[in-house]
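Here are a few exercises to try with the model open beside you. Have a go at each task before you read its solution.

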Amino acid sequence: KSYYSELANLPPPSGPPIVIALYGFQDKTGQRASNDKFSVLSTAVTQGGEVFLIKALQDAGHGKWFQPVERVGLDNLVKERQLIRSQRELYEKDQAKPLTPLIVAGIMIDGGIVGYDSNLETGGIGARFLGVGADQQYRKDEVTVMVRLISVNTGEILLSTGVTKSVFSTGVNANMLKFVDAGTKAVEFEAGSTINEPTTYAVRIAIEAAIVDMIKQGVTKKLWEYKKGTKK
């Protein structure tokens, strides 16, 4: 199922885009990349989930649902504004024009990647005949994200939603065993390939599905509504 298509084609809201702030969307799993032979320090899931969340907010209903404001890099933004202000005051003195005020948000979105379960399901099949054979194996992992919407005015959690996305990996091996000299010498050949569904892709799809569900929950709870006359 194409969650991006559903996200982009959501009916527009009845009013202007909702200003929304995001301060971070972190990996809360603590999981490291799986390896059966040695320990690795790479994380199992992306550490930049907020990038996908901001993109999903911008794309909802072709950009008509939300207006995200920069908060992840707020320190750098404030420093740059201070630099501009000081330069204007230095060169323009009393004629220095003030900067436009920052846009403030009425709601915040928070959450994170809360689960990554590996080897939930494994299996395979293989066969060999006259020294020639092949086998195929698969593995199923799952990634879970949680998103919650918070009122800046009251601090109330307006709604919360979670989505789990499965990640499948498959491997195919082919081998040949042939005796050459009266059973004392043997030639053996093996080849294989593995296809992994990227975990980052699964995180993005899960985030997009969470935003779709969040918008639908908001309509049900009457936090907002679709524009009249649009197909729901």
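**Exercise 1. Decide whether E208 is buried or exposed, and find its salt-bridge partner.**

Solution. Keep in mind that you're looking at a predicted model.
- Step 1: E208 has a relative accessibility of 5%. Buried means under 20%, so E208 counts as buried.
- Step 2: Its side chain meets that of R204 in a salt bridge, with 2.8 Å from N to O.
- Step 3: R204 has a relative accessible area of 26%, so it is partly exposed.
- Step 4: Both sit in helix α4, and because they are 4 residues apart, about one helical turn separates them.

**Exercise 2. Check whether the end-to-end span of α4 agrees or disagrees with its number of residues.**

Solution.
- Step 1: α4 has 22 residues. The expected span is 1.5 Å times one less than the number of residues, so for α4 you should get 32 Å.
- Step 2: In the model, the C-alpha atoms at the two ends are 31 Å apart, which agrees.
- Step 3: Now step just past the helix: K222, right after α4, has a positive phi of about 65°.

**Exercise 3. The structure holds 4 salt bridges. Work out which parts of the chain are linked by the pair E6 and K216, and by the pair R148 and D110.**

Solution. Why would such side chains pair up at all? Opposite charges can pair when the charged atoms come close.
- Step 1: E6 and K216 join through their side chains, at 2.7 Å from N to O. E6 belongs to helix α1 (residues 3–8) and K216 to helix α4 (residues 199–220), so this pair links distant parts of the chain, 210 residues apart.
- Step 2: E6 is partly exposed at 22% relative accessibility, and K216 is partly exposed too, at 36%.
- Step 3: R148 and D110 form another salt bridge, their closest N and O atoms being 3.1 Å apart. R148 lies in strand β5 (residues 132–151) and D110 in strand β4 (residues 107–129), so parts 38 residues apart in sequence get tied together.
- Step 4: R148 comes out at 30% relative accessibility, which makes it partly exposed. D110, at 23%, is partly exposed as well.

**Exercise 4. Find out which element gives the most residues to the largest nonpolar core.**

Solution. Nonpolar side chains tend to be buried together in soluble globular proteins.
- Step 1: The core has 36 residues, and those touching the most other members are F66, I109, L149, I211, M214 and I215.
- Step 2: Elements that each supply at least two residues include β1 (18–22), α2 (49–59) and β6 (157–179).
- Step 3: The top contributor is α4, with 10 residues.
- Step 4: Zoom in on I109. Leaving out residues up to four places away in sequence, I109 touches, among others, I20, L53, L57, L149, I211 and M214.

**Exercise 5. Locate H62 and K93, and say whether H62 and K93 are buried or exposed.**

Solution. Most residues other than glycine have a negative phi.
- Step 1: H62 goes the other way, with a positive phi near 55°. You'll find H62 in the loop between α2 and β3 (66–70), and at 58% relative accessibility H62 is exposed.
- Step 2: K93 isn't a glycine either, yet its phi is positive, about 55°. K93 is in the loop between α3 (74–92) and β4, and its relative accessible area of 55% makes K93 exposed.

Technical notes: Residues are numbered from 1 along each chain as its sequence is written. This is a predicted model: local features need pLDDT of at least 70, side-chain atom pairs count only at pLDDT 80 or more; totals for chains, interfaces and linings use all residues. Side-chain values use heavy atoms; hydrogens and water are left out. Buried means under 20% relative accessible area, exposed over 50%, partly exposed in between (1.4 Å probe, protein chains only). A nonpolar core is a set of buried Ala, Val, Leu, Ile, Met, Phe, Trp, Tyr and Cys residues joined through side-chain atoms within 4.5 Å. Contact means heavy atoms within 4.5 Å.
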